Amino acid sequence: MPVGGHGTSTHEATVLAVGDVAQWQTSGNPVPASADLRFCNFVDLELEFLQLVCPEVILTPVVADQFDCADVALRLDTLGYTGSIRALGNGVPKPEMIEREIKALCPTLDFALVEIEAVARLS
């Protein structure tokens with residue numbers, strides 16, 4: 001059963017951010033409060049959780065302490081996720097190489113790498 005995209009869950013979140021929220025906060029980063037945003041750890045990426053949350057977009061760091069964007073993409077591909085995945089990074093050398101690698105591993109996923117600096121300049 002495909003998960004993600006425009007699901008029928010009664011507890012939909014538009015965006016799911018994967019990572020260690022406590023580490024993010026101790027680094028001095030704010031955690032936005034929004035009904036359209038949920039957070040989870042990598043180990044929480046299970047079929048039941050995705051069916052409950054039904055995200056349209058999943059955000060992940062390019063590299064984290066316990067996982068990287070390839071781990072997230074492979075897990076989501078295995079679970080039948082059909083939404084978008086965006087890996088967030090800052091100063092990533094050769095981002096197009098990472099995108100090609102993920103698209104080769106998981107050709108059905110909508111994956112892209114987004115430079116955080118580029119997003120910050122837009123605001």
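Ser 84 counts as buried, because its relative accessibility is 14% and the cut-off for buried is under 20%. This value, like the others here, comes from a predicted model.

**Around Ser 84**

Where does Ser 84 sit in the secondary structure? Ser 84 is found in strand 4. Which residues touch Ser 84, once its neighbours within four places in sequence are left aside? The contacts are Glu 56, Val 57, Ile 58 and Asp 110. Val 57 and Ile 58 fall within strand 3, which covers residues 57-61. Asp 110 belongs to strand 5, which covers residues 110-115.

**The chain as a whole**

Now step back to the full chain. The protein chain has 123 residues, and 33% of them count as buried. Its secondary structure comes to 5 helices and 5 strands. Along the sequence, the pattern reads β-α-β-α-β-α-β-α-β-α. The accessible surface comes to about 7300 Å². Carbon and sulfur atoms hold 57% of that surface.

How do contacts spread along the sequence? Take the contacts with a separation of 6 or more. Residues 24 or more positions apart account for 72% of them.

**The sheet**

In what order do the strands line up in the sheet? The order is 2-1-3-4-5, and the 5 strands form an open sheet with parallel pairing. Strand 2 (37-40) and strand 5 stand at the edges. Each has a single partner strand, so one side of each is left without a neighbour in the sheet. From one strand to the next, the twist averages 25 degrees.

What holds such strands side by side? In general, strands of a sheet pair through backbone hydrogen bonds, either parallel or antiparallel.

Two of the pairings are set out here.

| Strands | Sense | Bridges | Bridge partners |
|---|---|---|---|
| Strand 1 (residues 15-18) and strand 3 (residues 57-61) | parallel | 3 bridges | Leu 16 and Ile 58 |
| Strand 4 (residues 84-89) and strand 5 (residues 110-115) | parallel | 6 bridges | Ala 87 and Leu 113 |

Between strand 4 and strand 5, the chain passes through helix 4 (residues 95-105). This β-α-β crossover is right-handed. Ile 58 appears twice in this account: it is the bridge partner of Leu 16, and it is in contact with Ser 84.

**A helix across the sheet**

Which strands does helix 3 lie across? Helix 3 (residues 69-79) lies across strand 1, strand 3, strand 4 and strand 5. Helix 3 runs at about 150 degrees to strand 3.

Terms used: Residues numbered from 1 in each chain as written. Predicted model: local features only at pLDDT ≥ 70, side-chain atom pairs only at ≥ 80, totals over all residues. Heavy atoms only, no water. Pairing = 2+ DSSP bridges. Helix = DSSP H or I, 4+ residues; strand = E, 2+ residues; numbered from the N terminus. Right-handed = clockwise from strand over helix to strand, strands pointing away. Buried < 20%, exposed > 50% of the residue type's maximum accessible area, 1.4 Å probe, protein only. Contact = heavy atoms within 4.5 Å. Areas by Shrake-Rupley, 256 points an atom, 1.4 Å probe, with all protein chains shown as cover. Axes fitted to C-alpha atoms, helices over the stretch in contact; angles between N-to-C directions.
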